[in-house]
Amino acid sequence: MAKDRKLRILVGSRKGTYIIEGDARRKQWKVGPVAHAGSEIYHVVADPRHPGDLYAAVNNTFWGPAIQRSRDWGKTWKEIATPLTPNAKARKAEVAAAVGSPPKWAINNLWHIEPGLPSESNTLYLGADPHLLFRTTDLGASWEPIESINNHPDKKNWSPGAGGACLHTILLDPRDARRLYVGLSAVGTFRSEDGGETWKPTNKGVEAPFLPNKFPETGQCVHDVAADTADPDTFYRQDHGGMYVSHDRMETWKRIGKPLGDDFGFTVASPPSSPGKAYFVRLGGMARTTDEGYFQVHEWNDKTRKWRKLVSPKAFLGHFGVHREGIATDSLDPPGIYVGTTTGQLFISPDAGKTWQLIPFDFPGIHSVSIANPMAK
Amino acid sequence: MPEVHLDSWLREFGPRGKEKVTADSVAHMIDELEARYPRLRFKIRDESGRLRQYVRVFVDGEDVSGTTGVATPLAGARSIDILHSIAGG
């Protein structure tokens, strides 16, 4: 089979999924037809272990959530198994006992799909609302709830964020398939060292400005976390309470965002080809837009511990919002940076932030952006 | 035996025309449809068995979604319509 050298931008929007095709030059782009029209797509992701396989977290206002898979780079899609919650197994009895009693929880929305490591070629993880984590070892034919999180003894104290009780971040240690990290709103981050059997809260040093106790063990509203691919012990975190870095597998966090003033935001990415760099989109904490009046991406250099603005303030005027899955980087050198906004603009830099272009297509509000990288030569 | 009619969007997952059912309640009617058309599972009800927020079930023209819901008996019923409600933006 010939190697597919296309670079694809996968966009999940308020009204469907879009695949934008380009190549390693990152100059010309072609926006494909919408899929899942009318559904809210919280995440679309490529499975690099199986070229051509894409997964979409499809949330339909009327018919609820579903996982859809494409095996041809998004040309066609098919619904695959939806995970059963523990309650669903007892559903018939519940229904027979009939209604009148308040229903227990069900899945509200699907938030994030994370392909497993190359060594686990049929494993995927799924994060959902309300605070649910699932794993499949057969590429989504069936899903196993990870009860240690789903029925965590502390769960009664967990609150939703404004977007719901979402488990939105799933990170895997490339050196050890048993080490996992998750992020939940408004709960914080957890690490497992035993394949999801047990979990340890990892929020030390992260401020929760909206709670009486400013530094609790859990209760932080983590918005997004990115791993540094060159150093799997290092993580960059965008929290409700600011921007942070950890160099010790999330044991402790240091706030890095204070030089930016208001260091609120939702999203962060770290490019594989530029170790020690992380890209944040700073938003005003009240407006939750780029309240300075222009589109901007801030680069954190973890070696020099300095910030750098990547976009000229005159380039793109406006108050833009960016959601937690709204930024992505590709694997090329220099890295491409891709940012989708809640008002449907898709910004692209093919050269690590030196120059920027706007895809000439107005999308519905963008929830997520991810990249299917060109296959290696 | 009542006949069930799905709206055009739901027909993607279930019967395309009218479907006779033997069930004695709305809950069992949905069970029966889901057994015949597995892709309907979780589209009309969520995992807890509750009707989805924007689904409307009419029994002989009466909307039971916000009243007796899935517990509605079907004895003597002739028609059931399952529709999505007017919502969106």
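**Strands, cores and a buried cysteine in a two-chain model**

In chain A, strand 4 and strand 5 (residues 54-60) run antiparallel and are joined by 6 bridges. Strands are DSSP runs of E with at least two residues, helices are runs of H or I with at least four, and both are numbered from the N terminus. Two strands count as paired if DSSP finds at least two bridges between them. The model is a predicted one: local features need pLDDT of at least 70, side-chain atom pairs count only at pLDDT 80 or more, and totals for chains, interfaces and linings use all residues. Residues are numbered from 1 along each chain as its sequence is written, while chains are lettered from A and ligands numbered from 1 in the order in which they are written.

Strand 4 of chain A covers residues 40-46, and 7 of its 7 residues are buried. A residue is buried if 20 or more other C-beta atoms lie within 10 Å of its own, exposed if 12 or fewer do, and partly exposed in between; the C-beta atoms are placed from the backbone. Across the pair, A:A46 faces A:L54 of strand 5.

Chain A holds 3 helices and 28 strands. Its C-alpha trace spans about 65 × 55 × 40 Å along the principal axes. The radius of gyration of chain A is 20 Å, which agrees with the value near 21 Å for a compact globule of 377 residues. This radius is taken over C-alpha atoms, and the globule rule is 2.2 Å times the number of residues to the power 0.38. Of the 377 residues, 49% are buried.

A second group of strands in chain A forms an open sheet. Its 4 strands follow the order 8-9-10-11, with antiparallel pairing. Strand 8 (109-115) and strand 11 (144-145) are the edge strands, each pairing on one side only. Strand 8 pairs with strand 9 (residues 124-129) in the antiparallel sense over 6 bridges. Within this pair, A:L110 has A:A128 as its bridge partner. In a regular strand, side chains alternate between the two faces of the sheet.

A:C166 lies in the loop between helix 3 (147-150) and strand 12 (167-173) of chain A. A:C166 is buried because 26 other C-beta atoms lie within 10 Å. Leaving out residues up to four places away in sequence, A:C166 touches A:W111, A:G127, A:D129, A:G161, A:L184 and A:S185. Such a contact requires C-beta atoms, placed from the backbone, within 7 Å. The C-alpha atoms of A:C166 and A:A186 are 8.2 Å apart, with their positions 20 residues apart along the chain.

The largest nonpolar core has 92 residues; A:L10, A:V11, A:A57, A:V182, A:I327, A:Y338 and A:V339 touch the most other members. Another core, of 23 residues, lies apart from it and includes A:F62, A:W63, B:L6 and B:L74. A nonpolar core is a set of buried Ala, Val, Leu, Ile, Met, Phe, Trp, Tyr and Cys residues joined through C-beta atoms within 7 Å.

Chain B contains 1 helix and 5 strands. From the N terminus, its elements run β-β-α-β-β-β. The C-alpha atoms of chain B fill a box of roughly 40 × 25 × 25 Å along the principal axes. The radius of gyration of chain B is 12 Å, in agreement with the value near 12 Å for a compact globule of 89 residues. Of these 89 residues, 38% are buried.

Notes. Contact = placed C-beta atoms within 7 Å.
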